[in-house]
Amino acid sequence: MLVIRRRAGETFLIGSDIQVELLEVGSTQVKLGITAPKNIPILRKEVHDTRRQNEAAAREMSTLELAQLARHFQK
Amino acid sequence: MPNTPTKYFGNLEYRNEDVIQFPSGIPAFEEEVSFLLVEAADRAPLQFLQSMRQTSLCFLALPILVVDSKYRLELSSEDLTSLGLATDRQPSIGTDIECMAVLVTPETGPPSVNLLAPIVINRRNRRGIQAIRADLTYSHQFKLAAAAVCL
């Protein structure tokens with residue numbers, strides 16, 4: 001992992017299109033300003049992870065699988 | 001009683017109070033704003049969130065306290081507001097709200113639940129959200145005891 005130190009007001013680039021500015025440094029949070037092309041989705045990681053989990057959770061299950069699953073939790 | 005087609009229970013009669021409104025949908029399924037909460041005795045403790053719009057979409061969930069009896073909620077004031085709950089305290093599970101974890105059952109490997117983002121339903125107004133925590137207390141992929149699972 002690359003680690004860089006920046007102060008409020010300073011900026012760094014990811015590639016040549018994505019610019020991240022450190023806007024504000026608080027005691028428990030920092031505020032970032034991100035400039036990126038429209039086609040690049042920017043999501044908080046917890047939102048991204050939850051979207052992925054929901055997509056996986058939506059998969060088709062057979063009745064047999066479901067019965068086995070229920071039985072497992074009833075033990 | 002009205003009835004609706006479901007993914008796992010065929011055509012199901014339901015009571016209006018079992019329909020939960022998710023005003024902003026749930027992440028990755030933002031258009032799905034209306035779900036039927038189904039609890040079938042022979043499938044307990046599994047819970048089913050059946051989309052009212054798409055028969056093929058049904059999430060499985062477990063009551064969060066079944067997964068972790070000490071689970072501590074940490075709803076943001078935005079989440080409390082959108083549920084229509086008081087923002088000065090955390091609601092109590094089972095009294096003010098129902099709280100469940102979405103279950104993921106991969107084809108191979110143990111099932112997991114998302115404890116990072118529980119489904120929270122206000123029992124009074126039947127509004128729901130999937131409340132994503134910003135802290136790192138709980139995993140989005142909490143594995144349920146592998147040894148006990150025989151799928």
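Biologist: Let's start with Ala28(B), which sits in the loop between β3 (19-21) and β4 of chain B. How are strands such as these assigned and numbered?

Modeller: Helices (H or I, at least four residues) and strands (E, at least two) are DSSP runs, counted from the N terminus. This is a predicted model, where local features need pLDDT of at least 70, side-chain atom pairs count only at pLDDT 80 or more, and totals for chains, interfaces and linings use all residues. Residues are numbered from 1 along each chain as its sequence is written, while chains are lettered from A and ligands numbered from 1 in the order in which they are written.

Biologist: Thanks! Why is Ala28(B) called partly exposed?

Modeller: A residue is buried if 20 or more other C-beta atoms, placed from the backbone, lie within 10 Å of its own, exposed if 12 or fewer, and partly exposed in between. Ala28(B) has 18 such neighbours within 10 Å, so it is partly exposed.

Biologist: And what makes the phi of Ala28(B) worth a remark?

Modeller: Most residues other than glycine have a negative phi. Ala28(B) is not a glycine, yet its phi is positive, about 80°. Arg126(B), in the loop between β9 (119-122) and β10 (127-130) of chain B, also has a positive phi, of about 55°.

Biologist: Why does Arg126(B) count as partly exposed?

Modeller: Because Arg126(B) has 15 C-beta neighbours inside 10 Å, it falls in the partly exposed class.

Biologist: What makes Thr108(B) exposed?

Modeller: Thr108(B) has 5 other C-beta atoms within 10 Å, so it is exposed. Its loop runs between β7 (97-104) and β8 (112-113) of chain B.
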